[in-house]
Amino acid sequence: DWHPETNKLVSCSHDRNAYVWTEESIAGGKTTWKPSLCILQINRAATCVKWSPQGNKFAVGSGAKIVSICYFEDLNNWWVPKQFVAHESTVLALAWHPNNTVIATASSDCTCKLYSANLKEIEGKTKVEGGAKPPRLGELLAEFRQPSGWVHDVAWSPTGAVLAFCSHDSTVRFANMNERDAQGMPLVEEVRVRDLPFRSLCFVSETSLIAAGDDANPVAFSFSGGSWKRAGVLDKGAADARPAAGTGSATRAA
C-alpha cells in the first residue's frame, strides 16, 4: 500500500513480516527504495496491509486471526506492532475509517467487524465528547454476521458514513453509520446480485461504489431513491445480462 502524502510504501508477506519502503536519493541523480523491517511477531502469514489516512500508522491482517497496528517509535528508530485478536479465521481485508482511529476488518469466518485502532502513542490520551476515555485498541465497536460466505473486501465511503463489504454469497452490503436500530447498531442494506462473487470494492463518491470480482468486469453500484442499487457493468462493450437479484430490507448488525 502506498501513502500519497508521505510517499512511503508498506508491504507484507507470507514470511510473517512487514516492510516500510522509503524513497532515497543515490548517486547520479537516481533514487532507490530502502526497506525498514517491522517484525510482526505472528505465527501465520501476513495477508493484507493498509496505511492509516494520516500515514502515521498502518494495519496488518494475518492468518493468525490477528490485526497488528504498527507505528514508528522515534526513540528506538523502529516500527512497533500492537496487536489484538480480531476474528476466528484469517483476516482477508482491512479499511481505515477517515477519522484515523477506527478500522474495518473482513475475514474468512464470514464476518465483518469494526474495531478501535486508537493508539495512545499516536493519538495521545485525548478524551472524546462528554469527557469519556476513547475506546482502547482492539475494542469491538460493531460486528456484522449477515454474510453466508467469506467476506472478501471492505471499504468506507469518503466521509465514513457508509461501510460496504462484499462476500462470497454474491452480495454487497452497505452499513449506514448514521442510522441505528434500538440497540445502537448500524442498519445494513443488502444488495444480492447474479454476478460471480466480488473480490474488491472502491468508493468513488459518497453515492457511488465500484466492485470487481470473478466476472472480470467491474460493476457500479449507486445510491438513489433511498437505497443502493446495481447500476450496471463499466465495460459497456460487454453484455450485461445480470441485473441485481434484489435488494434486501435494512437490518441491524448481529
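Contact here means heavy atoms within 4.5 Å. In this predicted model, serine 62 is in contact with Ile42, Ala45, Ala46, Thr47, Thr90 and Val91, leaving aside its neighbours within four places in sequence. The points below cover the setting of serine 62, backbone angles, the hairpins of β14 to β16, the cysteines and the salt bridges.

**Serine 62 and strand β6**

- Serine 62 belongs to strand β6, which covers residues 57-62.
- With a relative accessible area of 1%, serine 62 is buried, because the class takes in values under 20%.
- Lysine 57, also placed in strand β6, counts as buried at 0% relative accessibility.

**Residues with positive phi in loops**

- Most residues other than glycine have a negative phi.
- Asparagine 7, which is not a glycine, nevertheless has a positive phi of about 55 degrees.
- The position of asparagine 7 is in the loop between β1 (2-3) and β2 (8-12), and its relative accessibility of 28% makes it partly exposed.
- Lysine 65 is likewise not a glycine and has a positive phi, of about 70 degrees.
- Lysine 65 sits in the loop between β6 and β7 (66-73), where it is partly exposed with a relative accessible area of 36%.

**Hairpins of β14, β15 and β16**

- Strand β14 (residues 162-167) pairs with strand β15 (residues 171-180) in the antiparallel sense, over six bridges.
- Within this pairing, cysteine 166 stands opposite valine 172 in β15.
- The hairpin formed by β14 and β15 has three residues between the strands, and serine 170 in the turn has a positive phi of about 55 degrees.
- β15 also pairs in the antiparallel sense with strand β16 (residues 186-193), in this case over seven bridges.
- Phenylalanine 174 stands opposite glutamate 189 in β16.
- Five residues lie between the strands in the hairpin of β15 and β16, and glycine 184 there takes a positive phi near 85 degrees.

**Cysteines**

- The count of disulfides comes to zero.
- Cysteine 12 is in no disulfide, and the nearest cysteine sulfur, that of cysteine 48, is 6.5 Å away.
- The 6.5 Å separation for cysteine 12 fails the criterion, because a disulfide requires sulfur atoms within 2.5 Å.
- Cysteine 70 is also in no disulfide, the nearest cysteine sulfur being that of cysteine 38 at 3.8 Å.
- The same 2.5 Å cut-off therefore excludes the pair of cysteine 70 and cysteine 38.
- Cysteine 12 is partly exposed at 23% relative accessibility, whereas cysteine 70 is buried at 0%.

**Salt bridges**

- Side chains of opposite charge can pair when their charged atoms come close.
- The model contains 10 salt bridges.
- One of them joins glutamate 123 and lysine 57, with the closest N and O atoms 2.8 Å apart.
- This pair links distant parts of the chain, since glutamate 123 lies in helix α1 (residues 120-123) and lysine 57 in strand β6, 66 residues apart.
- The two partners differ in accessibility class: glutamate 123 is partly exposed at 22%, while lysine 57 is buried at 0%.
- Glutamate 139 forms a salt bridge with arginine 136, the closest N and O atoms being 3.5 Å apart.
- In that pair, glutamate 139 is partly exposed with a relative accessible area of 26%, and arginine 136 is exposed with 59%.
- Arginine 173 and glutamate 190 meet through their side chains in a salt bridge of 3.1 Å, N to O.
- Because arginine 173 lies in strand β15 and glutamate 190 in strand β16, their salt bridge ties together parts that are 17 residues apart in sequence.
- Arginine 173 is buried, at 2% relative accessibility, and glutamate 190 is partly exposed, with a relative accessible area of 22%.
- Asp169, Arg173, Glu190 and Arg192 are joined into one network by salt bridges that share partners.

Methods:
Residues numbered from 1 in each chain as written. Predicted model: local features only at pLDDT ≥ 70, side-chain atom pairs only at ≥ 80, totals over all residues. Heavy atoms only, no water. Helix = DSSP H or I, 4+ residues; strand = E, 2+ residues; numbered from the N terminus. Buried < 20%, exposed > 50% of the residue type's maximum accessible area, 1.4 Å probe, protein only. Pairing = 2+ DSSP bridges. Salt bridge = Lys/Arg side-chain N within 4 Å of Asp/Glu carboxyl O.
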